[in-house]
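Let's take a friendly look at two acidic residues and the surroundings each of them has. Please have the sequence and the structure open as you read.

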Amino acid sequence: TFTPENVKTFFSTNVDKSFDKLNSWLEQQGTKFLAADQPTVADFHFFELIDQMLVLANREEVKQPDPLANYSKLQSYYNDFKQLPAIAKYLESDLHKLPINNK
């Protein structure tokens with residue numbers, strides 16, 4: 001069920017734990033993206049996951065702190081990916097404003 005308390009629990013347990021591991025992965029790899037300094041197919045899926053977590057965290061009814069606040073590598077990753085020309089174009093389009101999973 002989508003309630004503010006469930007979302008808070010989800011972020012404090014699942015998201016924080018996963019983002020901590022993924023931030024450590026990026027630190028260990030020393031690459032700009034997950035597997036290399038150029039994006040691979042995995043990066044598109046990972047970017048979407050981060051983007052959806054940010055959208056969820058910013059929903060008015062469940063407002064959460066920035067999930068990337070404690071993860072500098074993930075912040076850099078997310079910002080670098082947003083700078084890719086095709087992604088920047090998509091993020092400014094009406095398509096990006098559509099509801100996630102039609103909700």
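A salt bridge here means a side-chain nitrogen of Lys or Arg within 4 Å of a carboxyl oxygen of Asp or Glu. Please keep in mind that the model is predicted.

With that cut-off in hand, turn to Asp-51, which is part of helix α2, residues 41-58. Asp-51 is buried and yet has no salt bridge, since the nearest side chain of opposite charge, that of Lys-82, is 7.1 Å away. Leaving aside neighbours within four places in sequence, Asp-51 does touch Tyr-78 and His-96.

Now for the helix itself. The 18 residues of α2 should span 26 Å at 1.5 Å a residue, and the end C-alpha atoms are 27 Å apart, so the two values agree. Asp-51 has company among the buried residues of α2, including Asp-43, Phe-46, Phe-47, Ile-50 and Met-53. The buried residues of this helix pack against α1 (4-29), α3 (72-82) and α4 (85-91).

The second acidic residue, Asp-66, sits in the loop between α2 and α3. Asp-66 counts as partly exposed because its relative accessibility is 45%. Its C-alpha atom and that of Leu-54 are 12 residues apart along the chain. A polar atom of the Asp-66 side chain also pairs with the backbone nitrogen of Leu-68.

The separations for these two residues are gathered here:

| Pair | Separation |
|---|---|
| Asp-51 and Lys-82, side chains | 7.1 Å |
| Asp-66 and Leu-54, C-alpha atoms | 7.1 Å |
| Asp-66 side-chain polar atom and Leu-68 backbone nitrogen | 2.9 Å |

Notes. Residues numbered from 1 in each chain as written. Predicted model: local features only at pLDDT ≥ 70, side-chain atom pairs only at ≥ 80, totals over all residues. Heavy atoms only, no water. Helix = DSSP H or I, 4+ residues; strand = E, 2+ residues; numbered from the N terminus. Buried < 20%, exposed > 50% of the residue type's maximum accessible area, 1.4 Å probe, protein only. Lys, Arg positive; Asp, Glu negative; His and termini not counted. Contact = heavy atoms within 4.5 Å. Expected span 1.5 Å × (residues − 1). Polar contact = N/O pair within 3.5 Å; in protein donor to acceptor, adjacent residues only side chain to side chain.
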